[in-house]
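Visitor: I have a structure open in front of me and would like to go through it with someone, one question at a time.

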Amino acid sequence: MTPVHFAFSSAFMLGLTGLAFHRTHLLSALLCLEGMMLSLFLALSLWALQLDSTSFSASPMLLLAFSACEASAGLALLVATARTHGSDHLQTLNLLQC
Amino acid sequence: MHTTSLMMTSSLIIIFTLLTYPLLTTLTPNPKSTAWALTQVKTAVKLSFFVSLLPLFLFLNEGAEMVITNWSWMNTMTFDINISLKFDHYSVIFTPVALYVTWSILEFAAWYMHADPYMNRFFKYLLVFLIAMIILVTANNMFQIFIGWEGVGIMSFLLIGWWYGRADANTAALQAVLYNRVGDIGLIFAMAWMATNLNSWEMQQMFAASNNFDLTFPLLGLIIAATGKSAQFGLHPWLPAAMEGPTPVSALLHSSTMVVAGIFLLIRMSPLMENNQTALTTCLCLGALTTLFTATCALTQNDIKKIVAFSTSSQLGLMMVTIGLNQPQLAFLHICTHAFFKAMLFLCSGSIIHSLNDEQDIRKMGGMHHLTPFTSSCLSIGSLALTGTPFLAGFFSKDAIIEALNTSHLNAWALTLTLLATSFTAVYSLRVVFFVSMGHPRFNPLSPINENNPAVINPIKRLAWGSIIAGLLITSNITPLKTPVMSMPLLLKMAALVVTVLGLIVALELAMLTNKQYKPTPQLMAHRFSNMLGFFPTIIHRFTPKLNLTLGQTIASQMVDQTWLEKTGPKAVTSLNIPLITTTSNTQQGMIKTYLTLFLLTLVLATLLFLH
């Protein structure tokens, strides 16, 4: 495995782990999600470069656009949570209040 | 240059110049003196009348007709629009008639409107109307007809709403414009069809090139245009409502000149209509229906101007019937004779109205024969001419039409309706004469009854002479284009006269009932139908707009709001997703960390197994 491959694969795995094992704050989960998106961006760019398939050169931009939408959706949910539950602590989300 | 053609062309140009000159003098910023209307405008029309007699006499003497093409207005590669004036036998007879009637009406209007502060503007509007009408009548192409058509429509709007402070006058003017606009759709459709299929708007080329085409659609368009302009059934309510305008307006526009524009258009297009049986039958049935319906409505009206307006409408229906019989020349003859006696009837009504201090209800008139003998005599002459009394003006045209009706191959229903309408003509004419001239006065004693003004007497006298001799003059000098049927059974020959006399007898009998009471309560249904104009305006003016507006409201609120917003758009997304979300949350009970951890462990396990 080349170093670059190792770099973004491990970034992805670490982000995924962080997303799964988030402790207190919802915000950290969102940050890990962003990290995962970044590693995927890297992967798509490398794909287009290393396999010489120029038709895929636009795909990183596409991913970036959609990840921005997703990040904003996540932040909106964060704000909604903060409004209804008072903070973004994850224990409070268990209480099934609407 | 040949003298005849020189004289005819120059007379036409002179007529237009004489009529436009007073208008051009109004473009200066100096206000005109109060005598401007009487001296400048009336003199211009009078001079134009005498000038227009010259082409008439040339036509009678030599049969000279002419077409002049003055100016290439707009020309493309394939389509030309020129200013082209035609003085064929229709316009060469109609122009002097229209100018004669207008001259009399202008002289009368100077007396009728003398207390009006804007009399000069009134005369200016009448002059613009006259110019538009002459443009329409002398037009050789459809574009000029359209210019004249719209011109007379707009001037009609301005003149009906002359007393614009009155709400009824504004509604009437709006009605006139809207109904005319509906008719204009037909005219524009016909013009578009001609432009695309016959490649010209010039009449000569249209008639020559139309042999191989099925002309039903453009002819139906022209018939719709005539229905709007000439107040045939379906687009007729504007004509009685137009009586809100001053009496000179009613006399000029809505009896002699403007309302015949639709019929005149059909007469001009008669070479196209000759071979198309559908169009002819449509004209016939529409005209028969119009003439009977409006004659029925005239039977129970109480406003003298409305009775005369319905009488006009009935005669227009008769002209339409004549066109449906493929006799355009008879229709034209009726237009010319009708102009005289109908304008005179309106002027007599105007004189009586002013004498009785603006009273228009015939139930409040009476005994005028002793008080305004000249006016009531001319009213009687006009009514007799209208009913077709032998050898007055109306007889030559009306009797010829009824004879043609009786001897043609047509449907019996149209024939019955027309004969019935002819008898109704006698009935309502007698009603007018009975209530206005006969009996005892039913108005206030101190009415300013004075008909001794020469400005009143002379126009009515001139039109009375016209009503008496115009029919004879025109028929003895014009060669008919179609030979009339000369021999028919006696009953058919006398049909018009018999039917009229029967109507007269019935009307006299009904008039005798006015001071007797045979039943405790009268039978109201027929009277209500006739008095409310067949409920046509009541239904159409309220019901159809309300239907359209509720349809619009339903579309806006139900279709747009409910469908697009709630059922398929944003709210649909919400309403579809919320049940799914509640189900999922109920199942999951919010233990997100646990689920994500399990997810990660499964993923790692699967990856490791896969790698192995």
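What follows is a set of questions and answers on confidence, annotated spans, one helix and one surface patch.

Visitor: Before I rely on any detail, what ipTM and pTM does the model score?
Guide: This is a predicted model, and every reading should be taken with that in mind. For chain B, the mean pLDDT is 90, and 100% of its residues reach 70 or more. For the model, the scores are ipTM 0.76 and pTM 0.80.

Visitor: Taking residues 61–80 of chain A, how far apart are the end C-alpha atoms?
Guide: In an unreviewed entry, UniProt lists residues 6–22, 29–49 and 61–80 of chain A under "transmembrane region". In the model, residues 6–22 of chain A are 88% helix and 0% strand, with end C-alpha atoms 24 Å apart. Residues 61–80 of chain A are 100% helix and 0% strand, and the distance between their end C-alpha atoms is 29 Å.

Visitor: What share of residues 73–123 of chain B is helix, and what share is strand?
Guide: According to an unreviewed UniProt entry, these residues of chain B carry the feature "domain: NADH-Ubiquinone oxidoreductase (complex I) chain 5 N-terminal". The end C-alpha atoms of the span lie 30 Å apart in the model, and its composition is 57% helix and 22% strand.

Visitor: What span should helix α8 of chain B have at 1.5 Å a residue, and what is the distance between its end C-alpha atoms?
Guide: Helix α8 of chain B covers residues 216–229, which makes 14 residues. The expected span takes 1.5 Å times one less than the number of residues. For α8(B) the expected span and the end-to-end C-alpha distance agree, each being 20 Å.

Visitor: Is α8(B) largely enclosed or largely open?
Guide: A residue counts as buried when its relative accessible area is under 20%. Among the residues of α8(B) that meet this are Pro218(B), Leu222(B), Ile223(B) and Lys229(B). Because eleven of the 14 residues are buried, the rest of the structure leaves α8(B) largely enclosed.

Visitor: Which helix supplies the largest share of the nonpolar patch on chain B?
Guide: The patch lies on the surface and is formed by Ile154(B), Phe157(B), Leu158(B), Leu174(B) and Leu178(B), with about 420 Å² of accessible area together. Both α5 (142–160) and α6 (167–198) of chain B supply at least two of its residues. The largest share, three residues, comes from α5(B).

Visitor: Within that patch, is Leu158(B) buried, partly exposed or exposed?
Guide: Leu158(B) sits in helix α5 of chain B. The partly exposed class lies between the cut-offs of 20% and 50%. With a relative accessible area of 31%, Leu158(B) is therefore partly exposed.

Terms used: Residues are numbered from 1 along each chain as its sequence is written. Chains are lettered from A and ligands numbered from 1 in the order in which they are written. This is a predicted model: local features need pLDDT of at least 70, side-chain atom pairs count only at pLDDT 80 or more; totals for chains, interfaces and linings use all residues. Side-chain values use heavy atoms; hydrogens and water are left out. UniProt positions are given in the numbering used here, feature names are shortened, and annotations may be inferred rather than shown by experiment. Helices (H or I, at least four residues) and strands (E, at least two) are DSSP runs, numbered from the N terminus. Buried means under 20% relative accessible area, exposed over 50%, partly exposed in between (1.4 Å probe, protein chains only). pLDDT is the predictor's confidence in each residue, from 0 to 100. Patches are made of residues with over 30% relative accessible area and no salt bridge: like charges are joined within 9 Å, nonpolar side chains (Val, Leu, Ile, Met, Phe, Trp, Tyr) within 5 Å. Accessible areas come from the Shrake-Rupley method with a 1.4 Å probe; for residues, only the protein chains shown count as cover. A salt bridge is a side-chain nitrogen of Lys or Arg within 4 Å of a carboxyl oxygen of Asp or Glu.
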